[in-house]
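Open your viewer and get ready to click along. We will take this tour one selection at a time.

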Number of protein chains: 2
Amino acid sequence: MNSKGPGVYKPLKMGKNVSMKDIAGRIGVSTALVSFVLNGKAREKRVGAEMTRKILEVASELNYMPNQIARSLRKGSTMTIGLILADIANPFFGSLARVIEDEANKHGYTVIVGSSDESKTKTEILITTLTNRKVDGFIIVPAEGSEELIKGIMHKNIPMVLVDRFFPALAASYVALDNYQASYEAVRCLIGKGKMRIVILAYRSSLIHMQQRIAGYIAAMEEGRLHDNICIREIRYEHVHEDVQRVFQELIISGKKADALFLATNSLSVSALYCIKEQGIKIPEELAIVGFDGNESFDFFYAPLTYVKQPLDEMGKESVKILVDHINGSKKTVQVKLKPNLIIRESCG
Amino acid sequence: MNSKGPGVYKPLKMGKNVSMKDIAGRIGVSTALVSFVLNGKAREKRVGAEMTRKILEVASELNYMPNQIARSLRKGSTMTIGLILADIANPFFGSLARVIEDEANKHGYTVIVGSSDESKTKTEILITTLTNRKVDGFIIVPAEGSEELIKGIMHKNIPMVLVDRFFPALAASYVALDNYQASYEAVRCLIGKGKMRIVILAYRSSLIHMQQRIAGYIAAMEEGRLHDNICIREIRYEHVHEDVQRVFQELIISGKKADALFLATNSLSVSALYCIKEQGIKIPEELAIVGFDGNESFDFFYAPLTYVKQPLDEMGKESVKILVDHINGSKKTVQVKLKPNLIIRESCG
DNA sequence: CTGAAAGCGCTTACAG
DNA sequence: CTGAAAGCGCTTACAG
């Protein structure tokens, strides 16, 4: 058979996907009809029952699959959410991403994830890429220094929710832990165990979540009349292990200047655990510790870690819910602070 | 100023993104010119230097950003890769996803990730969604029972690479560990330590990677003249902890029927560690163990785990490289088996 | 050599 | 009530 020859049916070009045009062509109607029927608007648009049946039949026969790209271009909506976080390989963010993925799917959205590595430059590239791909909205764990980039998204009126951190000066919706409270409770717990020389290990960052964790630490220390013992050590994100090792050397190994350590993030906790193991430090006798964010390692450490648990599920679900509301037109800024949960075990003494 | 009134410039509608048409309209040229210049084809298409300058200037002035959706529709290429894995919250897959993300970005691709939970149904939904979104190619960690779905992708001539597992009957490209060898070496190591009653804990799965791990175990046992001691316990993915506990009860706690355990996956290893901790079993004296895939927990367990390490980096990079080749037209099926690396520590005795 | 026109595959406002 | 025609924002084959 000559593929260019006349035939009852228009032959389908090899390798080409079947489109509404193909279905319409076979039946001899406009693509509009096909679109109505395939989108379940047959009734609404008063398409006859027989025609509806026929269109459905041919669509199924040709194994029609809608082209979401064409649909997106026409509708101006991609049913896609851009998720920017620090690092998908970090179990904390991996788990958060999973909750967001599932929740977004429930609402019919597909998620595109990108890792910023806490870098402003990478964040900018991700925002540009995802904006050009016309995501319907953003869920972002903002990196330090990205405030202007976040503002840019707001100016463009692209729906957005910040997660884990936020910028106090921006009227953006966010879902975050009450970090001040979390830190305060953690340090109170150490003080309650009789610890006096409590050091906080935090990242060197102006981001609010870190500042609040430090503020909670300071508040608890002052309340415990330990003002003179306040000792804050800031770690560089790009040199975690190196810096943590130096702090251990200074405060614990050579100096015995600390009797307790509060680790302000998950990765700092893990890094500290490696130091403790390397140096053979006895927990909690020589040093009491409290970590941040759950982690399997915390359970298997010989002295299971006391840690601040974040409600990841709630965080993920809430952020998707708020974002979808924004996408659906809600202009209301929603700022949620989640309650922390201190899991007390052996490591704090 | 009346927005409909005459003016030197066409006023831009509020909230609307600026398009090539807007730029073209301001200057009084066709969008074709604009497209050429903005895509760096000014030279090639012989657009005058002055015109090029003007277009670039206006584009920057209006803060033009290309609409990737329109571009995709027209070009038939989205510069997007669909990644389907078991669960992004699992650190093994999270780390793999991260390598793939970075590598894909280097080649100009954006990655859309989806978690199948090892379910055929979820896999099917993900494949359909991503196909309709016109991803340029797939990287898939196939779930059990998904062979027909994978075949479907091949029939549509959509570029694809399988990772971690594959189907021996399909001529699809893949990158996977040499699981037979990995398992063989792990069990040989246990035998070398004088263990005789070595049990393998594996998932109940017909997938090749699991079958190969079991086959490697059997081969090592037979070579060690331990044929009669071969003991394979299969765990249901949906009831991991329950099944693992039952096995521990039967083989170790009540029976002392095993002196060593080979855990055939990362999640089985973690589950077993929880049982060991709960029951206070002494490792390696009462029971020697070897796990699969690196994991921070393995380091912090009181007897650091001996485990089979997968070359994740290589796996991710190689799979992207092969996929990009396929997208660029290569029809050559590439099947890569990666060498395992046994990390020997205290847990194996 | 240059640039207007067609078309990717949809959806929906609008004319009849 | 019905369905043909316009248009989303690009790229590129093709006519002049």
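The stops below go from the two DNA strands to two pairs of packed helices, and the model you are looking at is predicted.

**Stop 1: DNA strand C**

Select DNA strand C and show the residues around it: there are 23 of them. Which of these come nearest? Look for Arg71(A), Arg74(A), Ser30(B), Arg46(B) and Arg74(B). Now colour the strand by its parts. Of its atoms within 4 Å of the protein, 63% belong to sugar or phosphate, and the rest belong to bases.

Next, zoom in on the phosphate oxygens of strand C, beginning on the chain A side. A polar backbone atom of Met20(A) is 3.0 Å from a phosphate oxygen. Then pick Ser35(A), where a polar side-chain atom lies 2.7 Å from a phosphate oxygen of the strand. Move over to Arg46(B), and show its backbone this time: an N or O atom there lies 2.5 Å from a phosphate oxygen of strand C. Arg46(B) was also in the list of nearest residues.

Zoom out and look at whole elements. In chain A, α1 (20-27), α2 and α4 each give two or more residues to the surface near strand C, and in chain B α2 and α4 do so. Colour that surface by residue class and you will find ten nonpolar, six polar and seven charged residues.

**Stop 2: DNA strand D**

Now select DNA strand D, which has 23 residues around it. The ones that come nearest are Ser30(A), Arg46(A), Arg74(A), Arg71(B) and Arg74(B). Sugar and phosphate make up 60% of the atoms of strand D that come within 4 Å of the protein.

Which side chains of chain B should you click here? Try Asn39(B), with a side-chain N or O atom 3.1 Å from a phosphate oxygen of strand D. Lys41(B) has a polar side-chain atom 3.1 Å from a phosphate oxygen of this strand. Finish with Tyr64(B), where the distance from a polar side-chain atom to a phosphate oxygen of strand D is 2.9 Å.

For the wider view, highlight α2 (31-38) and α4 (68-75) of chain A, plus α1 (20-27), α2 (31-38) and α4 (68-75) of chain B: these elements give two or more residues to the surface near strand D. By class, this surface holds ten nonpolar, six polar and seven charged residues.

**Stop 3: two helices in chain B**

Keep α1(B) selected and add helix α3 (residues 49-61) of chain B. The two pack at an angle of about 125 degrees, with their axes 10 Å apart. That angle is why α1(B) counts as oblique to α3(B). The crossing is right-handed.

Show side chains to see who meets whom. From α1(B), Ile23(B), Arg26(B) and Ile27(B) meet Met51(B), Lys54(B), Ile55(B), Val58(B), Ala59(B) and Glu61(B) of α3(B). The contact has six nonpolar residues, no polar ones and three charged ones.

**Stop 4: two helices in chain A**

Last, select helix α10 (residues 240-253) and helix α11 (residues 266-279) of chain A. Their axes come within 10 Å and cross at roughly 55 degrees, so α10(A) is oblique to α11(A). Here α10(A) passes α11(A) in a right-handed crossing.

Among the residues of α10(A) in this contact are Val240(A), Val244(A) and Phe248(A), and those of α11(A) include Leu268(A), Ala272(A) and Cys275(A). By class, the contact has nine nonpolar, four polar and one charged residues.

How values were computed. Residues numbered from 1 in each chain as written. Chains lettered and ligands numbered in written order. Predicted model: local features only at pLDDT ≥ 70, side-chain atom pairs only at ≥ 80, totals over all residues. Heavy atoms only, no water. Near = heavy atom within 4 Å. Polar contact = N/O pair within 3.5 Å; in protein donor to acceptor, adjacent residues only side chain to side chain. Helix = DSSP H or I, 4+ residues; strand = E, 2+ residues; numbered from the N terminus. Nonpolar A, V, L, I, M, F, W, Y, C, P; charged D, E, K, R; others polar. Axes fitted to C-alpha atoms, helices over the stretch in contact; angles between N-to-C directions. Parallel < 35°, antiparallel > 145°, perpendicular 65-115°, else oblique. Left-handed = near helix turned anticlockwise from the far one by under 90°. Contact = heavy atoms within 4.5 Å.
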